[in-house]
Amino acid sequence: MEEALHLFCILLASLGTLLVLVSAIGVLRLPDLLTRMHASSKAATLGAILIFLAIALRAGDVGVIVRVIFVCAFLLITAPVAAHAIAR
């Protein structure tokens, strides 16, 4: 069971890292400002959340899990608002 949890955490962290990489490539390659902002806010937020979930599952401590939930909620609330504010 411990090995399956370890592999799942590696999968989550790898997917998160891949999404952050895709976001960075999107910022460099996309043609205009609005599509660049879309790439950075959506993919990077999801990538960071996947990495944080991997950390929470691997730690297994209730305090860490609660903090990760708060950080993920904060990211979900602030990333779209920040992208919208920057676009204006």
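**Helix packing and the third helix**

In this predicted model, H1 passes H2 in a left-handed crossing. The two partners are helix H1, covering residues 2–29, and helix H2, covering residues 33–59. Their axes lie 8 Å apart, and the helices pack at an angle of about 165°. Because angles over 145 degrees count as roughly antiparallel, H1 and H2 are described as roughly antiparallel to each other. The contact of H1 with H2 is made up of 20 nonpolar residues, together with seven polar and three charged ones.

Attention now turns to helix H3, which takes in residues 62–87. At 1.5 Å a residue, the 26 residues of H3 should span 38 Å, and this agrees with the model, where the end C-alpha atoms of H3 are 38 Å apart. A closer look at H3 also reveals a kink of about 25° at threonine 78, shortly before proline 80.

Which residues of H3 are buried? Val68, Cys72, Ala79 and Ala83 are buried there. As helpful background, an α-helix has 3.6 residues a turn, so residues three or four places apart point the same way.

Arginine 67, also placed in H3, offers a contrast with these buried residues: its relative accessible area is 57%, and arginine 67 therefore counts as exposed, the cut-off for exposed being over 50%. A final distance relates arginine 67 to valine 22, a residue 45 residues apart from it along the chain. The C-alpha atoms of arginine 67 and valine 22 are separated by 26 Å.

Key:
Residues numbered from 1 in each chain as written. Predicted model: local features only at pLDDT ≥ 70, side-chain atom pairs only at ≥ 80, totals over all residues. Heavy atoms only, no water. Axes fitted to C-alpha atoms, helices over the stretch in contact; angles between N-to-C directions. Helix = DSSP H or I, 4+ residues; strand = E, 2+ residues; numbered from the N terminus. Parallel < 35°, antiparallel > 145°, perpendicular 65-115°, else oblique. Left-handed = near helix turned anticlockwise from the far one by under 90°. Nonpolar A, V, L, I, M, F, W, Y, C, P; charged D, E, K, R; others polar. Buried < 20%, exposed > 50% of the residue type's maximum accessible area, 1.4 Å probe, protein only. Expected span 1.5 Å × (residues − 1). Bend = angle between axes of the 7 residues up to and from the residue.
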